[in-house]
Structure formats: structure tokens, C-alpha cells
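Here is a colleague's note on the model, set out as numbered points. Please read it with the sequence and the coordinates open beside you.

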Amino acid sequence: MSLPFDTALALKLVPLYILVAVGFALGRLLDVKGQDLGRLALYVLSPAVVFKAFVGADLKGALLLLPLGVFALCALTALLARPLAARCWTDGRERIAAFTAGTGNTGFFGIPACLALIGPESLPYVVMVSFGATAYENSVGYYTVARAEATMGGALLRVLKFPGLHACWIGVAVNLYGIKVPPSLMQTVDILSGGFVPVGMMIVGLGLAQIRRLSLDVGFTAFTFAFKFALWPALALGFIWLDKTWLHGLGRTAHQVLLVESLVPLAAVTVVHAHLRNIHPDRAAIAVAGSTLFALAWLPLVFGRFGP
């Protein structure tokens, strides 16, 4: 892979790393804690992002099947990862590991990566893939994490109370029925959604700030990396082969997007969940930060070798 791509992608990610550094400084110098920011991101800012995305999405035609397929695959992967992780941990890490096995940083990392590698024609497909992953994070994914501290009934009740879930279906309903949203309300949503990226990245920094000595959780990191950087690319390549050979449902651009999105790092919201439930947020932050650095090399390597 040529150097210009690596440089372009790294430059697109520089603002995110600056925000991580700001969060780290806040945690170390001002003793800011991540729990309150985590609640803000998960219960206020994230639902605004979800609502805005679904209201503006093209939910008609063949593209509609893409987020549905991604959602189903994310949910199935998390459900399969849960019993495997439970053999390794019983302190809540099994829930965090299962959650993050089913998703990735498809938005903040995936969108600039696709634009840099494929071009603007990739945007409709990458947005649809991100929608599927977001729907998983706000439903099955949230249930997976909530089960760490509640019964099945209690976890389901928490999911039903979760604002992100309702932002999904309300956004879809507004979109499909052509409901006009008052401009003042959409302006408020725009303002809130604009805060999700900086707050989310600063939460990663706050998690790193809790680390007083480097204690890499080798088992947790290896488990999450195996799913994110081995299983997901294998699933993407398998589907691309199947579609080219038998299904013929998607074109080359969609295949490229699926491969790139399978190679993105761990989702930053993993650290948010770890913070909110105090499940080793420092180890989660190290895994997320390490996966982001690893993806900068792994993504162009695999895409250059196996890209459609």
C-alpha cells in the first residue's frame, strides 16, 4: 500500500488523537472522572446521533437490506462470543468482550477510511453499514452489557428504557412516513450529535488517565483483537465471495466498503460502557487505543492484499 494513503488516513485521525490527549489531561491534571461524561454520551448525545442518522437515511431499495444484514451479523457474533468470554472471566469483562466482539468503530474511523481508500461513491454504503452497527449497539449490544448487573428481565427493562433504542425506531418512523421535524428541534439534535465525537474520544483519554502503571490485559486484548481483526475480515471476505459467485446483490463499491468496515478498530463506546459499570475501564481504554493504532497498519495491508 502506498505511503500517501497511510499519511492521509493518519492525518484524518489526528483530531481524534488530540481529543484523547485532552481527555487524558483532564483526568490526570483535574481528576475528572469518566462516569458522568459516559452517561452524557450514552443517554443524550448518542441518541441524538442515532435519530439524526435514521431521519436522513435512504431507507428505500436494495440499500435497506445492508443495515439489516449487518445488524443480524453483529447480534449473532455477540451472542456467540458471550459463552466463550464467560469461560475466561466472571467479573463483567465477559459482557464487555461480547459487546465489542459484535461491533467496531464503523463511523468515526470507518467513514474517513472508506472515503480515503474508495472515494465519495462509498458514502451511501458506509452509512448503511454504520446504521446496522449502531442499531446493534443500541439494542442487543446494550442488553449484552446490561446483563452484567441485572437479571434477564431487568436487563430487558433497561433496554426498553434506553433512549438510543427509541431514537432508532422514532427516526425510522419519521423517515418512512415523511414526518416534518420542527427546524428548532433538528437544530438541537444537530448541536447534540456534534458533541458525540469529542466527548466519546475524551472518554477514551479519561480511561487511559486512570492507568497509573501499564497493566495490559493480554487475555482481554487478544480476545477482542481475534474477533475484530481476524473473524470479521474472514466473514466479510466470505460474504463477498458468496455474493460474487451466487447472490449478485451488491457491486464492487459495496464489497470494498464491507471489507474496510470489517477492519476498523474496536468501538470507542466500549470504554463508555466499561466506565459506566466500572468494569476495568483502564484495560478497555488500552484495548481500544491499541486497536486504533493497529488498524492503521492492518487495514491497508489486508485491503491491499484482498480488496475486491
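1. Helices in this note are DSSP runs of H or I with at least four residues, numbered from the N terminus. The model is a predicted one, and every value below should be read with that in mind. On this assignment the protein has 15 helices and zero strands.

2. On overall form, the 308 residues give a radius of gyration of 19 Å, which agrees with the value near 19 Å that a compact globule of this length would have. Along the principal axes, the C-alpha atoms fill a box of roughly 50 × 45 × 40 Å. Of the contacts with a separation of 6 or more, 85% are between residues 24 or more positions apart.

3. On surface and charge, buried residues make up 50% of the 308 in the protein. The accessible surface comes to about 13,900 Å², and carbon and sulfur atoms account for 70% of that area. There are 22 positive and 14 negative side chains, and the centres of these two sets lie 4 Å apart.

4. Two loop residues deserve a look for their backbone angles. Most residues other than glycine have a negative phi. D31, although not a glycine, has a positive phi of about 55 degrees; D31 sits in the loop between helix 1 (3-29) and helix 2 (34-55). With a relative accessible area of 46%, D31 is partly exposed, since the exposed class begins over 50%. N278 is likewise a residue other than glycine with a positive phi, near 55 degrees, and its place is in the loop between helix 14 (269-277) and helix 15. At 57% relative accessibility, N278 counts as exposed.

5. How many aromatic pairs does the structure hold? The count is eleven. In one of them, F225 and F294 have ring centres 5.7 Å apart and planes at 45 degrees, so the pair is tilted. Because F225 lies in helix 12 and F294 in helix 15 (residues 281-306), this pair ties together parts that are 69 residues apart in sequence. F294 itself is partly exposed, at 34% relative accessibility. Elsewhere in the aromatic set, W89, F220, F223 and F227 form one cluster.

6. Helix 12 (residues 218-247) also holds A222, which counts as partly exposed at 44% relative accessibility. A222 and A287 are 65 residues apart in sequence, while their C-alpha atoms are 8.9 Å apart in space.

7. D243 is a further residue placed in helix 12. Is D243 buried or exposed? Its relative accessible area is 2%, so D243 is buried, the cut-off for that class being under 20%. Not counting residues up to four places away in sequence, D243 touches H248, G249, L250 and H255. As for spacing, D243 and M128 are 115 residues apart in sequence, and the distance between their C-alpha atoms is 18 Å.

8. S130, in helix 6 (residues 123-137), is a second residue to inspect for burial, and at 9% relative accessibility S130 counts as buried. Which residues is S130 in contact with, leaving aside its neighbours within four places in sequence? They are T106, G107 and E261.

9. F306 is found in helix 15, and with a relative accessible area of 44% F306 is partly exposed. Setting aside residues up to four places away in sequence, F306 touches L237 and L259. F306 and V22 are 284 residues apart in sequence, and 37 Å separates their C-alpha atoms in space.

10. For a check against the coordinates, I would put three items together. The tilted pair of F225 and F294 joins helix 12 to helix 15. The positive phi values are those of D31, about 55 degrees, and of N278, near 55 degrees. The buried residues discussed singly above are S130, at 9% relative accessibility, and D243, at 2%.

Methods:
Residues numbered from 1 in each chain as written. Predicted model: local features only at pLDDT ≥ 70, side-chain atom pairs only at ≥ 80, totals over all residues. Heavy atoms only, no water. Helix = DSSP H or I, 4+ residues; strand = E, 2+ residues; numbered from the N terminus. Buried < 20%, exposed > 50% of the residue type's maximum accessible area, 1.4 Å probe, protein only. Rg over C-alpha atoms; globule rule 2.2 N^0.38 Å. Contact = heavy atoms within 4.5 Å. Areas by Shrake-Rupley, 256 points an atom, 1.4 Å probe, with all protein chains shown as cover. Lys, Arg positive; Asp, Glu negative; His and termini not counted. Charge placed at Lys NZ, Arg CZ, Asp CG, Glu CD. Phe/Tyr/Trp six-rings, centres within 6.5 Å; stacked < 30°, edge-to-face > 60°.
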